[in-house]
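Here's a quick tour of one model, written to be read with the structure open beside it. Grab your viewer and follow along.

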Amino acid sequence: MSDHTRALTVPKNRRLTPSTEKGRTRLVNVVLFVVLAIGSIIMLGPLLWMVSTSLKTKPEVFALPPVWIPEDPQWDTYTRMWDAAPILSGIQNSLIVALTVTIIGSFTSTLAAYALAKMRLPYKNAIFLGLLAGLMIPYPTIMIPQFTMFAKFGWVDTLLPLIVPFLFGNIVMIFFLRQYLQSVPDSLIEAAYIDGASHPRVFATIVVPLIRPAIAAQFILWFMAIWNDYLAPILYLNTPANQTLQVVIANLNVEFATQRDYPLIMGASFIALLPILIVFLIFQRQIIESVALTGTKG
């Protein structure tokens, strides 16, 4: 029996009418919305608890059942934290590291991606595979040799070990930008060469404008990773005035956790989270577009 004959023999009451299909689609959308809403609440729970705890008194922190809304919010937590730890210098050091690395490193990463994607270089595929192979090396395996090398340079307890290695590019960013550049027609770049344009001119006037959304999104993601980095700063930075914000908060936790002053710790943690939260809320469209673009182009 053919498919057409089977369709004719199906009882009319079993066939899906347009209104039934629309109802099923609406039901699926409602279920998805409920699931995503529950997931959002679960994800936002720790953030809301952190903000709530920063405004509590010490007894309210350990109260049972848990207190979500403090009876008398302790706003002075956000004023006394500046005297309890060098948070201002931590913010300054984190900004110096994050902005220097991401601005210069994004430029060099874009250059490398352009060279690997569009320039005629010998063994460029082998070079690219070598860069990807570097991602397979876990940081703890090179941590001690790298520390020894920087100690010989006299860079320990300075920001240089956190900045210099990343000025030459980010392998992940190079990979994503190269994949995105694969979708740019070679004829477009070759036409510019025929017209007499040099490599720097082609890079500045053609390549960068075409991949600007991808560069912006990868820049934001890299900034967030550098801002939240804790392992490298705790290895190299000893003096409180030179420490980044994450190390300052870790030291604050060690000092005040014994005093059970968790509101102060949570307040400092919220201050550290605030720049990342603002950046994500402003540039969330670019971040989502980056995931879509780099996942479909190539």
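What follows is a walk from the core out to the surface, with a stop at the backbone oddities.

First, the ground rules. This is a predicted model, where local features need pLDDT of at least 70, side-chain atom pairs count only at pLDDT 80 or more, and totals for chains, interfaces and linings use all residues. Residues are numbered from 1 along each chain as its sequence is written, and side-chain values use heavy atoms, with hydrogens and water left out.

**The core**

A nonpolar core here is a set of buried Ala, Val, Leu, Ile, Met, Phe, Trp, Tyr and Cys residues joined through side-chain atoms within 4.5 Å. The largest one has 53 residues, and the members touching the most others are I87, L181, V202 and V207. Take L181: skipping neighbours within four places in sequence, its contacts (heavy atoms within 4.5 Å) are A113, Y114, A117, K118, V207 and I211.

Next, two serines in helix α5, which spans residues 87-118. Helices are DSSP runs of H or I with at least four residues, numbered from the N terminus. S106 sits in α5, and so does S109. For accessibility, buried means under 20% relative accessible area, exposed over 50%, and partly exposed in between, using a 1.4 Å probe and protein chains only. S106 is buried at 5%, and S109 is buried at 0%. Leaving out residues up to four places away in sequence, S106 is in contact with V101, M173, F219 and W222, while S109 touches G169, N170, M173, I174, L177 and W222.

**Around α4**

Which residues of helix α4 are buried? In this helix (residues 77-84), they are T77, Y78 and M81. They span an arc of only 90° around the axis, so they end up on the same side of α4; that arc is taken from the directions from the helix axis to the C-beta atoms.

Y78 also links up with L55, which lies in the loop between α2 and α3. L55 is buried, at 11% relative accessibility. L55 and Y78 are 23 residues apart in sequence, with 8.8 Å from C-alpha to C-alpha. Beyond its neighbours within four places in sequence, L55 contacts P70, D72, P73, Q74, W75 and Y78.

**Backbone oddities**

Most residues other than glycine have a negative phi, and most peptide bonds are trans. Here are the exceptions worth a look.

| Site | Backbone feature | Loop |
|---|---|---|
| L64 to P65 | cis peptide bond, omega near 0° | P65 between α3 (58-61) and α4 |
| Y123 | positive phi, near 60° | between α5 and α6 (124-134) |
| D157 | positive phi, about 70° | between α7 (139-153) and α8 (160-163) |

As for accessibility, Y123 counts as exposed at 70%.

**A nonpolar patch outside**

Finally, the surface. V30, F33, V34, I38 and I42 make up a nonpolar patch, together showing about 500 Å² of accessible area. Those areas come from the Shrake-Rupley method with a 1.4 Å probe, and for residues only the protein chains shown count as cover. Patch members have over 30% relative accessible area and no salt bridge, with like charges joined within 9 Å and nonpolar side chains (Val, Leu, Ile, Met, Phe, Trp, Tyr) within 5 Å. A salt bridge means a side-chain nitrogen of Lys or Arg within 4 Å of a carboxyl oxygen of Asp or Glu. One of the patch residues, V30, is found in helix α2 (residues 18-54) and is partly exposed, with a relative accessible area of 46%.
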